[in-house]
Amino acid sequence: MADDLPRPTEEPLIGDGVTSGIVRVGDTVRRPVRPFTATIQAYLAHLRSAGFHDAPAPLGVDDQGREVLSYVPGDVPRDPLPADTAGEEVLVALARLIRRLHDAAQGWEPPPDAVWGGTPAAPAAAPSADGKSLIVGHRDYCPGNVVFRNGLPAALIDFDLAKPTTRVTDVANALYYWAPLTDPVDRPPAFAGLDIPARVAAFADAYGLTTPQRQALMPAAKAMVARFHTNMRAAAEIDPVFARFWAEGAKDRLPRAHTWIRDHATDVTARLLADV
Ligand SMILES: Nc1ncnc2c1ncn2[C@@H]1O[C@H](COP(=O)(O)OP(=O)(O)OP(=O)(O)O)[C@@H](O)[C@H]1O
Ligand SMILES: [Mg+2]
């Protein structure tokens with residue numbers, strides 16, 4: 001009888017603590033179904049059909065009503081980023097990975113009934129500064145969502161915040177975490193003394209940002225961090241997980257990042273435009 005068969009082992013996967021109930025079962029991951037799950041599974045299916053395989057494969061829903069995704073092998077770093085992720089080769093590999101994701105996403109029209117994650121207060125992204133149409137980007141390149149293999153970013157997971165955005169704003173999101181575009185007091189120790197303008201330029205070169213995209217990058221980063229602050233404050237009022245993130249430092253870190261970006265935008269943009 002089927003009931004007598006041993007159930008496969010379920011290994012809890014703990015990420016940034018936003019989503020509870022994530023488990024690994026063999027080569028798959030099971031996650032709770034949310035309102036946006038079907039939209040994201042359609043997006044992940046599109047990415048594969050467009051040749052991008054460095055994201056979980058969408059495998060439908062299991063008999064317990066949970067989302068099923070393929071398990072992506074590799075190592076996922078945690079905050080604070082370890083010293084061996086501070087090298088420029090990590091940024092370059094991440095930039096190339098995101099460029100391939102964006103190129104695969106470019107042709108996808110979300111269904112008219114698409115449902116997106118993230119805070120509802122987030123305004124729709126403005127049409128892109130480079131005149132291109134919006135693409136669905138990942139929008140959450142925090143350390144826990146980047147899978148490393150052989151010391152380099154190799155795949156992306158956790159597309160819960162994916163939605164239509166511009167390439168530039170999505171790149172700004174990656175740079176916020178990985179340049180990083182934060183005040184030095186908030187950087188992981190190994191990142192505190194780095195030459196941020198040079199790192200942003202290395203990412204831009206590896207991605208292949210155009211001149212208009214380079215001009216748009218720092219204003220987009222400033223606006224994005226302002227939205228993080230507004231949205232996190234709103235989320236903290238209704239959700240205990242975000243209330244903890246807010247109290248544990250986001251309430252100070254985000255305004256500090258905003259000030260740092262404002263004060264360094266001219267330098268970074270000059271470096272970005274120096275050798276194009
Ligand atoms: N498809 C996958 N392949 C490999 N590992 C995964 C996969 N999905 C999740 N994980 C592991 O489980 C952790 C938590 O999963 P996930 O990032 O989806 O949720 P979360 O971090 O709680 O959500 P959020 O990023 O919204 O806070 C990841 O950091 C990763 O270590
Ligand atoms: Mg995550």
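**View 1. Surroundings of H138, a residue that counts as buried because its relative accessibility is 0%.** In this predicted model, H138 belongs to the loop that runs between β6 and β7. Two polar contacts lead from its side chain to the backbone: the side chain of H138 reaches the backbone nitrogen of D140 at 3.1 Å, and the side chain of H138 also reaches the backbone oxygen of I157 at 2.8 Å.

**View 2. Coordination of the magnesium ion (ligand 2) by N145 and D158.** The ion is held through OD1 of N145 and an OD atom of D158, at 2.2 to 2.3 Å. This pair links distant parts of the chain, 13 residues apart, with N145 in the loop between β6 (135-137) and β7 (146-149) and D158 in the loop between β8 (152-156) and β9 (163-165). Both N145 and D158 are buried. The backbone at D158 has a positive phi of about 60 degrees, although D158 is not a glycine.

**View 3. Ligand 1 and the residues around it, among them R31, V72, R78, G144 and D158.** Of the 19 residues around ligand 1, these five come nearest. An N or O atom in the side chain of D158 is 2.2 Å from an oxygen atom of ligand 1, while a backbone N or O atom of T19 lies 3.2 Å from an oxygen atom of the ligand and a backbone N or O atom of S70 lies 3.0 Å from a nitrogen atom of the ligand. Taken alone, ligand 1 exposes 600 Å², and the protein buries 94% of that area. The residues of the shell comprise nine nonpolar, six polar and four charged ones, and at least three of the shell residues come from each of domain 1 (2-70) and domain 2 (83-274).

**View 4. Cis peptide bonds at P80 and P180.** The bond joining D79 and P80 is cis, with omega at about -10 degrees, and P80 is placed in the loop between β5 (66-70) and α2 (88-105). The peptide bond from A179 to P180 is likewise cis, with omega near -10 degrees; P180 is placed in the loop between α3 (167-178) and α4 (196-207).

**View 5. N150, a residue other than glycine with a positive phi.** Phi of N150 is near 50 degrees, and the residue is found in the loop between β7 and β8. N150 is classed as exposed because its relative accessible area is 81%, which is over the 50% cut-off for that class.

Conventions
Residues are numbered from 1 along each chain as its sequence is written. Chains are lettered from A and ligands numbered from 1 in the order in which they are written. This is a predicted model: local features need pLDDT of at least 70, side-chain atom pairs count only at pLDDT 80 or more; totals for chains, interfaces and linings use all residues. Side-chain values use heavy atoms; hydrogens and water are left out. Donors are N, O and S atoms within 2.8 Å of the metal (3.2 Å for Na, K and Ca); water is not among the atoms, so sites may look incomplete. Helices (H or I, at least four residues) and strands (E, at least two) are DSSP runs, numbered from the N terminus. Buried means under 20% relative accessible area, exposed over 50%, partly exposed in between (1.4 Å probe, protein chains only). A residue is near a molecule or strand if one of its heavy atoms lies within 4 Å of it. A polar contact is a pair of N or O atoms within 3.5 Å; within protein, one must be able to donate a hydrogen and the other to accept it, and residues adjacent in sequence count only if both atoms are side-chain atoms. Accessible areas come from the Shrake-Rupley method with a 1.4 Å probe; for residues, only the protein chains shown count as cover. Ala, Val, Leu, Ile, Met, Phe, Trp, Tyr, Cys and Pro count as nonpolar, Asp, Glu, Lys and Arg as charged, and the others, Gly among them, as polar. Domain bounds come from an automatic or database domain assignment.
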